[in-house]
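The following questions and answers examine a protein chain step by step. Please keep the sequence and the structure in view while reading.

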Amino acid sequence: MAIGGDAGLVVGDGSGDDNIILNPEFDDGLDNWAGSGCKIELHDSLDDGKVLPVNGKYFVAATGRTDTWNGVQQDVTARMQRKLLYEATAVVRLRAATGSVQPCEVRATLAVQTPDGRQQYLGVGKSQVSDKEWVQLQGKILLNSTVAKASIYIEGPPAGIDLLLDSLVVKHAQKAPPAPAPDFEKLEYGANIIQNSNLDDGLNGWFPLGPCALSIHDGAPRVVPPMAQESLSLDDEPLNGKHIHVTNRTQTWMGPAQTITDKLTPYATYQVSAWVRVGTLPAGAPPQNINVAVSVDSQWLNGGQVLARDERWYEVGGAFRVEAKPADRVMVYVQGPDAGVDLMVAGLQVFPVDRKARVKRLRKLTDKARKRDVVLKLTTGGDGAAAAKAEEEGVEVKVRQVANSFPLGACIMRTNMDNEDFVDFFTKNFNWAVFGNELKWYWTEPQRGQLNYGDADDLLRLCADEHGMCVRGHCIFWEVEPMVQQWVKTLSADDLSAAVKSRIEGLLTRYKGRFKHYDVNNEMLHGSFYQDKLGKDVRASMFKTAAQLDPDALLFVNDYNVESMCDVHATPEAYIQQIIGLQEQGAPVGGVGLQGHVSNPVGPVIRSVLDRLAVLGLPLWFTELDVSSANEHVRADDLEVMLREAYAHPAVEGVMLWGFWETFMSRDDAHLVDAEGQVNEAGRRLLQLKREWLTHAHGKVDDNGEFKFRGYHGTYHVELTTSTAKISQTFTLDKDDAPMVLDIKV
């Protein structure tokens with residue numbers, strides 16, 4: 001947040017006892033402060049009074065900076081409590097010796113040294129900062145470890161740029177009261193909020209965005225797009241074949257629009273569906289990106305998009321949500337093709353989704369995909385007299401499922417190991433694990449030849465050795481260039497090829513048999529660093545080499561946005577084409593990873609994607625699932641959507657959550673447990689679903705000496721009570737269409 005004027009916002013009473021920063025506004029000069037690899041100077045003004053403090057009388061400048069980590073620091077070892085959440089607020093600015101400074105990232109970081117000598121760096125917060133004005137940088141931090149030393153410091157700009165700090169406040173974070181569950185009682189689920197969608201009333205309700213022209217024509221599909229059919233109320237007549245034809249488009253954003261401000265309910269999830277088409281394309285024109293956009297108080301939301309490769313009709317689908325009452329106007333419009341290309345739109349539907357109705361359907365699908373009939377049959381080694389006697393006495397049977405066999409895992413990082421509350425929740429509620437960073441190349445070899453496997457070793461020992469969890473290997477390579485460490489980027493083609501060979505051989509030889517899965521080359525739909533540098537065969541070569549080095553590991557492709565239909569670079573069809581291409585090159589692709597970072601999930605959209613990918617015949621996994629909403633009740637609903645859709649689809653063989661603990665999530669407002677261990681509504685929903693997916697049965701054997709039930713796949717304990725004895729047995733119910741018959745001797 002920028003602070004207008006040098007005499008602007010006061011960020012808080014930095015001198016209060018609850019601020020663990022000493023001398024926070026430099027009233028006592030530089031006492032308790034130090035430079036981190038550079039000098040620090042005290043000022044009351046700079047540049048002839050153009051730079052003045054905003055909170056007190058002074059500010060500090062970090063000068064002579066030769067690296068990005070140089071800045072201003074303070075030791076907080078004695079004042080920061082373990083497992084307590086803190087909020088940090090710094091007021092910062094930049095200054096160059098000559099000229100101006102381009103905005104760049106400034107970070108607050110906590111450097112920690114543990115008693116055994118390990119060094120950790122925990123991100124607190126970051127912001128884009130320039131030399132034009134003071135900017136407020138905010139963030140939260142949780143200290144998991146017992147520490148020998150802890151220092152908070154401000155860092156980030158390139159070398160040679162002075163970093164100015166006006167004040168720093170670090171206080172125990174106050175918990176906001178939980179928001180109430182949204183009230184959806186007045187929602188008309190499945191009712192289209194678009195006026196005159198069928199165009200029976202001409203262009204009534206529609207207007208052109210920009211100076212383009214709208215007209216109505218025949219020739220559009222007469223059926224509602226498939227992804228909308230299950231959720232939409234179809235009381236009206238099917239589509240009548242009419243469409244809006246948009247001409248005179250001089251900008252990509254021009255198209256048909258409607259205002260829907262008064263028709264939206266905050267926090268409701270709205271599904272979007274339409275048929276779209278482009279007009280005649282010039283020779284050599286690229287595929288056209290068509291997008292249903294939602295403008296909320298001039299902020300843009302993606303309601304769904306599709307890539308039109310020719311002049312056919314295409315289904316576009318997606319979803320959006322508004323989490324606060326709009327201050328001004330909400331408008332939905334269709335945009336995207338190149339200027340000069342005509343756009344056609346038919347049957348635009350925007351409607352709130354009834355998730356409760358969807359759950360009823362999913363329970364039926366889940367029963368078919370994840371359950372099996374069981375017959376417990378009483379037997380004896382003799383003539384059956386004992387069994388007959390048991391039947392007469394009415395043998396009591398208690399069946400209790402002790403574990404569901406469906407893989408449900410979560411992300412863990414090395415710093416999480418030091419928090420016993422985190423480890424307790426993690427090991428009690430998940431049976432698979434994946435490491436956040438600790439297996440990635442930039443972590444295990446940040447500098448050429450300097451290998452660090454210690455963090456991965458520690459995590460493997462905790463997850464696999466101590467708790468018997470299966471572990472995914474994420475990831476061998478990462479194809480997106482910003483995720484490639486700098487020293488790798490500078491290598492020649494020959495040296496890069498050698499480094500790639502060394503990386504895969506070193507990693508998979510060291511951990512042969514330890515990781516059940518590997519994401520071989522992460523996010524190949526969104527990046528092409530290794531392919532660009534080493535040629536089109538390198539991706540398949542990575543898979544083949546991995547299979548040779550660790551034949552028992554299942555090798556995955558892994559990418560994001562495929563499941564949500566919101567990214568033209570990551571459509572299910574593009575993913576299928578990529579996988580088939582790898583297979584044709586001999587790559588042993590063993591699984592398909594859908595990361596699952598979904599906003600506003602809609603069940604039929606997710607199911608449609610899973611159905612399309614299932615034709616590959618490969619296991620599908622949600623590998624990095626998280627959902628985000630400031631309202632934890634909505635977050636819980638989103639999480640339930642994703643978990644139920646995954647569990648109900650027979651092609652999905654596992655789900656990994658990309659974290660669950662506050663401050664250790666890649667997305668804001670995505671946690672299930674707060675930083676200090678309190679489970680929120682989303683966490684409670686997870687636990688509720690886990691309980692629902694365990695089968696318990698109780699009764700007596702029938703006249704045939706049998707007890708029948710239908711149960712979820714997993715591990716069971718059964719106890720039979722007769723007049724003379726109790727008999728206990730444990731068994732595993734695997735996936736199969738035929739009933740499982742279990743003989744129990746009495």
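Q: Is E523 buried or exposed, and what is its relative accessible area?
A: The model is a predicted one, and E523 is placed in the loop between β27 and α9. A residue counts as buried when its relative accessible area is under 20%. E523 therefore falls in the buried class, with a relative accessible area of 8%.

Q: What is the phi value of E523?
A: E523 is a residue other than glycine, and its phi is nevertheless positive. The value is near 65°.

Q: Which loop residue other than glycine has a phi near 75°, and what is its relative accessible area?
A: The residue with this positive phi is N561, and its place is in the loop between β28 and α11. The limit for a buried residue is under 20%. N561 counts as buried because its relative accessible area is 18%.

Q: Which peptide bond is cis, with omega near -10°?
A: One of the two residues that share this bond, C475, lies in strand β26. The cis bond runs from H474 to C475.

Q: Which side chains make polar contacts with the side chain of H597?
A: H597 is found in the loop between β29 (591-594) and α12 (603-614). Leaving aside neighbours within four places in sequence, its contacts include E563, W658, S666 and R667. Its side chain is joined by a polar contact of 2.9 Å to that of E624. A polar contact of 3.0 Å links the side chain of H597 to that of D626.

Q: Why does Q401 count as buried?
A: Q401 belongs to strand β23 (residues 396-404). Leaving aside neighbours within four places in sequence, Q401 touches residues that include W693, L694, T695 and H696, as well as Y712, H713 and G714. Q401 counts as buried because its relative accessibility is 1%.

Q: Which side chain is joined to the side chain of Q401 by a polar contact of 3.2 Å?
A: A polar atom of the Q401 side chain lies 3.2 Å from the backbone oxygen of A403. That partner is a backbone atom, whereas the question concerns a contact between two side chains. The side chain asked for is that of Y716.

Q: How far apart in space are V278 and K364, C-alpha to C-alpha?
A: V278 is part of strand β16 (residues 269-278). It counts as buried because its relative accessibility is 1%. Apart from residues up to four places away in sequence, V278 touches Q288, I290, A308, D310, E311, P337, V341, D342 and M344. K364 is 86 residues from V278 in sequence, and the distance in space is 40 Å.

Q: What distance does helix α10 reach from its first C-alpha to its last?
A: Helix α10 (residues 538-549) has 12 residues. At 1.5 Å a residue, the expected reach is 16 Å. The model is close to this, with a reach of 16 Å.

Q: Against which elements do the buried residues of α10 pack?
A: The buried residues of this helix are V538, R539, A540, M542, F543 and A546. An α-helix has 3.6 residues a turn, so residues three or four places apart point the same way. The elements that the buried residues of α10 pack against are β26 (470-478), α8 (493-510), β27 (517-522), α9 (529-534), β28 (554-559) and α11 (572-584).

Q: Which residue caps the N-terminal end of α14?
A: Among the buried residues of α14 are E681, A682 and G683. The backbone nitrogen of A682 has a side-chain oxygen 3.0 Å away, and this oxygen belongs to the capping residue. The cap is N680.

Q: Which helix crosses α14 at roughly 35°, and what is the handedness of the crossing?
A: The buried residues of α14 pack against β24 (408-412), β31 (652-657) and one helix, α13. The axes of α13 (residues 632-648) and α14 (residues 681-692) come within 7 Å. The helix asked for is α13, and its crossing with α14 is right-handed.

Q: How many residues in the contact of α13 with α14 are charged?
A: The contact includes E632, R635 and D637 of α13, and R684, R685 and E692 of α14. Of the residues in the contact, six are nonpolar and one is polar. The number of charged residues is nine.

Technical notes: Residues are numbered from 1 along each chain as its sequence is written. This is a predicted model: local features need pLDDT of at least 70, side-chain atom pairs count only at pLDDT 80 or more; totals for chains, interfaces and linings use all residues. Side-chain values use heavy atoms; hydrogens and water are left out. Axes are lines fitted to C-alpha atoms, for helices over the stretch in contact, and angles run from 0 to 180 degrees between N-to-C directions. Helices (H or I, at least four residues) and strands (E, at least two) are DSSP runs, numbered from the N terminus. A crossing is left-handed if the near helix is turned anticlockwise from the far one by less than a right angle, and right-handed if clockwise. Contact means heavy atoms within 4.5 Å. Ala, Val, Leu, Ile, Met, Phe, Trp, Tyr, Cys and Pro count as nonpolar, Asp, Glu, Lys and Arg as charged, and the others, Gly among them, as polar. Buried means under 20% relative accessible area, exposed over 50%, partly exposed in between (1.4 Å probe, protein chains only). A polar contact is a pair of N or O atoms within 3.5 Å; within protein, one must be able to donate a hydrogen and the other to accept it, and residues adjacent in sequence count only if both atoms are side-chain atoms. The expected span of a helix is 1.5 Å times one less than its number of residues.
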